[in-house]
Amino acid sequence: MTPESHPPTGTHDPTAGPPPGCPAHGLGPGALHRLHGPGAEDLDDLYECLREQYGPVAPALLHEDVPMWVVLGHAENLQLVRSPSQYTRDSRIWTPLLDGQVKPDHPLMPHIAWQPICSHAEGDEHQRLRDAVTSAMATIDHREMRRTIGRYTQGLVNAFCERGHADLVPQFAEHLPMATLCAILGMPEEYNDRMVQAARDALKGTETAIQSHAYVMEALGRLALRRRARPENDFTSHLVTHEAGLSDDEVREHLRLVLFAAYEATANLLANALRMVLTEPGFRARLNGGQMTVPEAIEQSLWDEPPFSTVLGYYAKQDTELGGQRIRRGDGLLFAPAPGNVDPRVRSDPRAQMKGNRSHLAFGGGPHECPGQDIGRAIADVGVDALLTRLPDIRLDCPEEELRWRSSIASRHLVSLPVRFEPKIQQDVTLPPSQSPIPRPREQWQIAGPARAAAPVPEPRQETVRPEPMAEPVRVRESVRMPEPVGAAASGGESGRESVWRRLMRWWVGE
């Protein structure tokens, strides 16, 4: 892969070196920037350097200096994903892989290696597998799903609302998507702390990632076998019984694809949206003032910080041209929503509000567009709205500059989001969230007097008014004691006569 550039946009000559301000110590062979290690701590800045130097498509280096194009332009990203005749997700044609430059233990191999799933397939095979997934998605009852999300949200908030403080990443954003997805797939009993930690560990690629991945796959395998034997009304059952006739391995692999992809994307989306609400006063003011709804806030978050920064990868099926760069057959390309969403040609001010505009790249496009995006949106919409309703005074519990992220080429994951609020009582998880506690049913009804004032107010002198007698007085239970009327003496006012209130009460109870 060589950066033979002839962009029509007037960008710098790629052979002239990085523009001023670009971290030159991150350069590798061919004076190309590395997307990892020193010089790549802030990938957003690096992408802007690459955009200035190369234009909308830039050459870069992955781990072990494997070359890869990064697609930075909004239009070029859409052209990439919408041109299946020119680009494929089948990495088996990738030149560095065929040449042996990409070893089996390459750090990104789990993302790169071809798998028998719809997101890597093409043609009729892609259609067969994709139809099974989208048909199973179509059977989801979205009203019931939102009720399920609401119940889990209430339960998660109940777990910390009485303390007055929480960390919304590990206690909320990392749990709500997993709880919801386990319910949708048909295995709510598998949702627990261990499942959440196993998924997080597998996605982080730690030393125990293989064991964590195996734990999740075991649960999915048991689910697939149960539903093969006895289908029910859930996603997995519809996937198993679809006319495409998926094998047990295909069912399990697609369950893994849905669980991991939707979980990581939605956990990031929730954390990013909550951070924006807590750290940007104008953002929260628009929400509180009614100028922006929670779903609109979620879409803004998808523009500003998409759950996946880049997606590995697409591969050129033939010699072609993209964004002024000559792409050779077998070259690899990164679909890049993060830099694509701030392309100056579609968004001259990266801080601009994109209200009502859903043309961001967060969920991809073309034949491999994310089929579960409505699930992610629903989890974020319901979760954020319910949390803010329960805890309207919630605020960040640390300086904003102390927030930390765990970054990789694929995503930028918020590590912690500490918050503080006035302690609240728990609420019934089956009821909608409320800012005030839900009153308990009274054990018995009683007649209460007026609210007690801060200081007694003398009752003005007035003539006694006798109420019209009733045919038969209505009695209350003898155990109920009537409260003393506020500001009235036991024997009445200065005249010594009983007050109107006292006489009325005596008549009411039949004295």
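**Exercise 1. Decide how glutamate 64 sits in this predicted model: buried, partly exposed or exposed?**

Step 1. Start with the number: glutamate 64 has a relative accessibility of 42%.
Step 2. Now hold it against the cut-offs, where buried is under 20% and exposed is over 50%.
Step 3. The value lies in between, so glutamate 64 counts as partly exposed.
Step 4. Find its place in the fold: glutamate 64 belongs to the loop between β1 and β2.
Step 5. Take a look at the backbone too. Phi of glutamate 64 is near 60°, a positive value in a residue other than glycine.

**Exercise 2. Work through aspartate 65 in the same style: where is it, and what is its phi near?**

Step 1. Aspartate 65 is found in the loop between β1 and β2.
Step 2. Its phi is near 60°, which is positive although the residue is not glycine.
Step 3. For aspartate 65 the relative accessible area is 22%, so it counts as partly exposed, given that buried means under 20%.

**Exercise 3. Lay out the open sheet of five strands: what is its order, and which strands are at the edge?**

Step 1. Write down the order, β1-β2-β8-β5-β3, and note that the pairing is mixed.
Step 2. Pick out the edge strands, each of which pairs on one side only: they are β1 (57-61) and β3 (87-88).
Step 3. Recall what holds such an arrangement together: strands of a sheet pair through backbone hydrogen bonds, either parallel or antiparallel.
Step 4. Zoom in on one pair. β5 (residues 311-316) and β8 (residues 332-335) run antiparallel and are joined by three bridges.
Step 5. Within this pair, tyrosine 314 faces leucine 333, which is in β8.
Step 6. Add the helices. α1 packs on the sheet and touches β1 and β2 (67-71), with its direction at about 125° to that of β1.
Step 7. Helix α2 (residues 74-81) also packs on the sheet; it touches β1, β2, β3, β5 and β8, and its direction makes about 120° with that of β8.

**Exercise 4. Follow the chain into β5: is serine 309 buried or exposed, and which residues does a cis peptide bond join?**

Step 1. Serine 309 comes in the loop between α14 and β5.
Step 2. Its relative accessibility is 12%, so serine 309 counts as buried.
Step 3. See what surrounds it. Leaving out residues up to four places away in sequence, serine 309 touches Phe335, Ala336, Pro337, Ala338, Pro339, Ile409, Ala410, Ser411 and Arg412.
Step 4. Move on to the cis peptide bond, which joins leucine 312 and glycine 313 with omega at about -20°.
Step 5. Glycine 313 lies in strand β5.

**Exercise 5. Describe the second largest pocket: what is its volume, and which element gives the most to its lining?**

Step 1. The volume of the second largest pocket is about 750 Å³.
Step 2. It is lined by 27 residues, and those closest to its centre are Asp44, Asp304, Glu305, Val342 and Arg412.
Step 3. Elements giving two or more residues to this lining are α1 (43-54), α12 (248-279), α14 (294-304) and α15 (337-341).
Step 4. α1 gives the most, with five residues.
Step 5. Sort the lining by type: eight residues are nonpolar, six are polar and 13 are charged.

**Exercise 6. Step back to the whole chain: how many helices and strands are there?**

Step 1. The protein chain has 17 helices and 12 strands.
Step 2. It holds 511 residues, of which 47% count as buried.
Step 3. Among contacts between residues at least 6 apart in sequence, 71% join residues at least 24 apart.

Definitions and conventions
Residues numbered from 1 in each chain as written. Predicted model: local features only at pLDDT ≥ 70, side-chain atom pairs only at ≥ 80, totals over all residues. Heavy atoms only, no water. 1 Å grid on protein atoms, 1.4 Å probe; cavity = no way out; pocket = protein on both sides within 12 Å on 5 of 7 lines; lining within 4 Å. Points joined across faces, edges and corners; volume = space filled by probe spheres on them. Helix = DSSP H or I, 4+ residues; strand = E, 2+ residues; numbered from the N terminus. Nonpolar A, V, L, I, M, F, W, Y, C, P; charged D, E, K, R; others polar. Pairing = 2+ DSSP bridges. Contact = heavy atoms within 4.5 Å. Axes fitted to C-alpha atoms, helices over the stretch in contact; angles between N-to-C directions. Buried < 20%, exposed > 50% of the residue type's maximum accessible area, 1.4 Å probe, protein only.
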